[in-house]
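Hi,

Here is the structure I promised to pass on. Have a look at it first, and then read my notes below.

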Amino acid sequence: MKKSLIIGLLLISIFSVSCEDYLVEEPRTLVSISNFYETESDARTATDGIYQALHDGAARSLYGRYWPHLDLATDESINRRFYPNWATHQVTAIDEWLENNDQYQGLWVGVARANDVLKYVPQVNMDEDGKNAMLAEAHALRAFCYFQLVRAWGDMPLIVNSVVTEEDYNLPRSSVEEVYNQIIIPDLQYAEEFGADELHAGRLTKWSAKVILADVYLTRAGWRMTSQGEKVQGDASYWALASAKAKEVLDNSPHSLITEDYVDGEHTTPACGVPWIESQPYSVESMFELGSTNLGGLGSYLSRECVNRVNGRFYWGAGNNDTPLIDEGIDLTIVEMGWTGGTTNGGVLLVSPDLYSAFDEEGDERRDWGILTRYTTPDGRTFLSQPQFRKYMDIDFFTDDGTGDVSFNRTGNNFILYRYADALLIFAEAENESIGPTVEAHSALNEIRNRAGLPSLTGLSQVDFRTAVLKERRLELHAEVKRRFDLIRTDGFTEMEMDLITVWGIEQGSATDIILNANYGTVPWPDHEWLMPIPESEMNLNSLNGWDQNDGYN
């Protein structure tokens, strides 16, 4: 199991600031914070602490555990344990994900730490180019946190200062447009100007900022729901901005799409899966990746979240003594071919049968790699399971032979937030929407398809190209927390159909009569759930700041 870079492990308590901490009556003492920033090493530790807010190995981690749950009850993922209100579309401001799992609060931790870095790092005596690159990281990370906040919750307060007085945090909610124009876009523009001009190796670069900014422009061109309950479509001029910014990444960055398979003994990882090889993190394709480590309980919980029945008996056969692969010369039972490693409390992030069936073109390597049902180790052992998200899994955790530590929080699977594939798909979609299905747009789309083992598409109309690129986004970027936001941006909830809302059955692609915490086949997605409600505790803390709850929630 890899021991990859985990950023910001040694942080002192002065950086443990949440959104709630902004709102207490007496701010923290600032003397100790300002005194901390004395050396370049101090500045680096503080900046790394912003990344740590996003993925810290803790039970309530964002990208190490709970943020991917945003796609539950869409047509991508289902669960059999938590969030029944999400599946029946009765979300409230006191739901567990909001009040107990600290996802809203966790993003504010990132904002708070970024604000401290932006205030205090300029005073540090260090190389100016290195300092500017570090400040670029802080700007980009603050923008990223705000980008998630406005997409998931709408209007947000403009908190841009390190907390010194009550005026720094006792603020009303500002409109989404103000947040984009005053924080998100200027921060990313600073980061693309001053960020490091190099491959991403665990810390954001100018190219990371550019691909995030392209996504911001793409989002602003699409549909959204305001906090006041108005469904609006963005300014069409953002299509051209998104296309141009993504093109900068395609033409000038050191990144590229991985096109070669990775062979390790008897196991071959197709090119589409190489960015997630645990032993080789931060590939040439990766542009924003959060590291995990199997040391000290600072790993990702997602390997535990994505497991259902690891022996695969309801997918490969009903009985423990079945030998479904006898034609391949395998005479082991399903139980004998189950993962030797173990976990508990799985079944939270499961592949929807609808997603599996969406891979409907023969030869698409992304299905059998990304929706994992069987795995052959480099030494030739074969394992079976029900469909699981490969991108969430640390294979070493599941194939442990009994000699290693299989504690679920000692997994080493990194989380990739952006990669070169994002730039290709953003460019293809935005180019089509701004000037039509150009040759370059087709080329970008086909680069993704060809890598997956699919033939090129040619001569598509604008409507057909739109359908094709949105499908490729679904298949290529599955499990990367893109689906819910894509459905919102494209007004896709009204067209979402899910015939199968139950767990996997005996036959491939079928379902049993075991009903999940899900009823979205008959309950339409309500417009107000395009946004999540502000957690009730946060509303209570801001009662004097004139905050109104998002429309549609009590």
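Helix 19 has a run of buried positions: Phe-465, Ala-468, Val-469, Glu-472, Arg-473, Arg-474, Leu-475 and Glu-476. Keep in mind throughout that this is a predicted model. The helix covers residues 462-476, and its 15 residues at 1.5 Å each should span 21 Å; the C-alpha atoms at its ends are in fact 21 Å apart, so the two values agree.

One residue of that helix I looked at more closely is Arg-473. With a relative accessibility of 2%, Arg-473 counts as buried, because the cut-off for that is under 20%. Setting aside neighbours within four places in sequence, Arg-473 has contacts with Leu-218, Leu-425, Ile-426, Glu-429, His-478, Lys-482, Asp-486 and Arg-489. Lys-482 from that list turns up again elsewhere: Lys-482 lies over the face of Tyr-418, 5.1 Å from the centre of the ring. There is another case of this kind, with the charged end of Lys-206 over the ring of Trp-207 at 5.3 Å from the ring centre.

Tyr-418 also leads to the core. Phe-288 touches Tyr-418, along with Leu-54, Leu-141, Phe-144, His-200, Leu-204, Ile-212, Phe-415, Ile-416 and Leu-417, again leaving out neighbours within four places in sequence. The largest nonpolar core has 143 residues, and Phe-288 is one of those that touch the most other members, together with Trp-67, Trp-97, Tyr-146, Trp-153, Met-156 and Ile-184. Which helix gives the most to this core? That is helix 8 (residues 128-153), with 15 residues.

Now the aromatics, of which there is plenty to look at: the count comes to 27 aromatic pairs. Take Tyr-104 and Trp-108: their ring centres are 6.4 Å apart and the planes make an angle of 65 degrees, and over 60 degrees counts as edge-to-face, so this pair is edge-to-face. Both residues sit in helix 7 (residues 103-120), four residues apart, so about one helical turn separates them. Tyr-104 and Trp-108 are both buried.

Tyr-104 has a further partner in Trp-153, again edge-to-face, with 5.0 Å from centre to centre and 80 degrees between the planes. Since Tyr-104 belongs to helix 7 and Trp-153 to helix 8, this pair ties together parts that are 49 residues apart in sequence. How buried are the two? Tyr-104 has a relative accessible area of 0%, and Trp-153 likewise comes out at 0%.

For contrast, try Pro-172, in the loop between helix 8 and helix 9 (176-194). At 46% relative accessibility, Pro-172 is partly exposed, because that class runs from 20% to 50%. Leaving aside neighbours within four places in sequence, Pro-172 is in contact with Pro-157, Asn-545 and Trp-547. The C-alpha atoms of Pro-172 and Leu-158 are 8.2 Å apart, with the two positions 14 residues apart along the chain.

Finally, the overall numbers. The protein chain has 554 residues, 61% of them buried, and its secondary structure comes to 21 helices and 12 strands. Among contacts with a separation of 6 or more, 73% are between residues 24 or more positions apart. The accessible surface is about 20500 Å², with 47% of it belonging to carbon and sulfur atoms.

Cheers

Key. Residues are numbered from 1 along each chain as its sequence is written. This is a predicted model: local features need pLDDT of at least 70, side-chain atom pairs count only at pLDDT 80 or more; totals for chains, interfaces and linings use all residues. Side-chain values use heavy atoms; hydrogens and water are left out. Helices (H or I, at least four residues) and strands (E, at least two) are DSSP runs, numbered from the N terminus. Buried means under 20% relative accessible area, exposed over 50%, partly exposed in between (1.4 Å probe, protein chains only). Contact means heavy atoms within 4.5 Å. Accessible areas come from the Shrake-Rupley method with a 1.4 Å probe; for residues, only the protein chains shown count as cover. A nonpolar core is a set of buried Ala, Val, Leu, Ile, Met, Phe, Trp, Tyr and Cys residues joined through side-chain atoms within 4.5 Å. Rings of Phe, Tyr and Trp (its six-membered ring) pair if their centres lie within 6.5 Å; planes under 30 degrees apart count as stacked, over 60 as edge-to-face and the rest as tilted. A charge sits over a ring if NZ of Lys or CZ of Arg is within 6 Å of the ring centre and within 35 degrees of the ring normal. The expected span of a helix is 1.5 Å times one less than its number of residues.
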